[in-house]
Amino acid sequence: LVEPQPKSENKQVGVKIGRSTGKIIKQLGVSLEKDDEVSTKHAIIIKTNSAFYYVDTGSSNGTYFNSNDTKLDDFTEYEIHNGMRLQLGKSLLQFEY
């Protein structure tokens with residue numbers, strides 16, 4: 001199960017995820033523009049010196065861990081692990097790094 005993490009330190013990069021995230025997220029091979037269950041500004045991924053974190057920014061339909069019924073809390077940082085899958089609307093994101 002994914003556990004909430006304390007506020008990450010040494011934040012370096014934030015990538016916004018949503019229907020209106022623009023070219024940066026598209027360069028990563030993700031397009032959420034046509035998924036009407038994904039909020040315009042659904043979430044953000046934060047990279048620190050030692051880890052990646054996912055934060056749902058108060059989206060309408062939420063984010064679910066590994067496509068099951070475990071809904072992530074809004075505005076809470078969750079550490080992203082290699083292979084983790086998150087469901088945003090009808091879209092499934094799998095993190096590999």
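This is a guided tour of a predicted model, stop by stop, for a reader with the viewer open.

In this predicted model, local features are reported where pLDDT is at least 70 and side-chain atom pairs where it is 80 or more, while totals for chains, interfaces and linings use all residues. Residues are numbered from 1 along each chain as its sequence is written, and side-chain values use heavy atoms, with hydrogens and water left out.

**The whole chain**

Begin with the whole chain in cartoon view, which holds 1 helix and 7 strands, in the order β-α-β-β-β-β-β-β from the N terminus on. Helices (H or I, at least four residues) and strands (E, at least two) are DSSP runs, numbered from the N terminus. Of the 97 residues, 40% count as buried, where buried means under 20% relative accessible area, exposed over 50%, and partly exposed in between, with a 1.4 Å probe and protein chains only. If contacts (heavy atoms within 4.5 Å) are taken between residues at least 6 apart in sequence, 48% of them join residues at least 24 apart.

**The sheet of four strands**

Next, select β1, β2, β3 and β5, which form an open sheet of 4 strands in the order β1-β2-β3-β5 with antiparallel pairing; two strands pair if DSSP finds at least two bridges between them. The edges are β1 (13-17) and β5 (78-80), and each has a single partner strand, so one side of each is left without a neighbour in the sheet. Neighbouring strands here are turned by 30° against each other on average, direction ignored; the axes are lines fitted to C-alpha atoms, for helices over the stretch in contact, and angles run from 0 to 180 degrees between N-to-C directions.

Stay at the β1 edge and display the antiparallel pairing of β1 with β2, which is made by 5 bridges. V15 is a convenient residue to pick, since it stands opposite I45 in β2.

Then select K47 and F52 as sticks: the charged end of K47 sits over the ring of F52, 5.9 Å from its centre. A charge is taken to sit over a ring if NZ of Lys or CZ of Arg is within 6 Å of the ring centre and within 35 degrees of the ring normal.

**The sheet of three strands**

Move on to β4, β6 and β7, where 3 strands form an open sheet in the order β4-β6-β7, again with antiparallel pairing. Its edge strands are β4 (63-65) and β7 (91-94), each pairing on one side only, and the twist averages 25° from one strand to the next.

Within this sheet, β4 and β6 pair in the antiparallel sense over 3 bridges, and 4 bridges join β6 (residues 85-88) to the antiparallel β7. Follow L88 across the sheet: T63 stands opposite L88 on the β4 side, and L88 in turn stands opposite S91 in β7. Along the pairing of β6 with β7, the bridge partner of R85 is Q94. Zoom in on the hairpin that β6 and β7 form with 2 residues between them, where G89 in the turn has a positive phi of about 60°.

**T63, in strand β4**

Is T63 buried or exposed? T63, which is found in strand β4, is buried, with a relative accessible area of 0%. Leaving aside residues up to four places away in sequence, T63 touches H42, Y54, D56, T70, K71, L72, L86, Q87 and L88. Among these, select D56, whose side chain makes a polar contact of 2.7 Å with the side chain of T63. A polar contact is a pair of N or O atoms within 3.5 Å; within protein, one must be able to donate a hydrogen and the other to accept it, and residues adjacent in sequence count only if both atoms are side-chain atoms.

**Two exposed loop residues**

Now select D36, in the loop between α1 (23-27) and β2 (43-47), which is exposed with a relative accessible area of 55%. Apart from residues up to four places away in sequence, D36 touches R19 and K90, and a polar contact of 3.2 Å joins the side chains of D36 and K90. The C-alpha atoms of D36 and R19 are separated by 8.1 Å, although the two residues lie 17 residues apart along the chain.

Finish at F75, in the loop between β4 and β5, which is exposed with a relative accessible area of 54%. Phi of F75 is near 60°, a positive value in a residue other than glycine. Most residues other than glycine have a negative phi.
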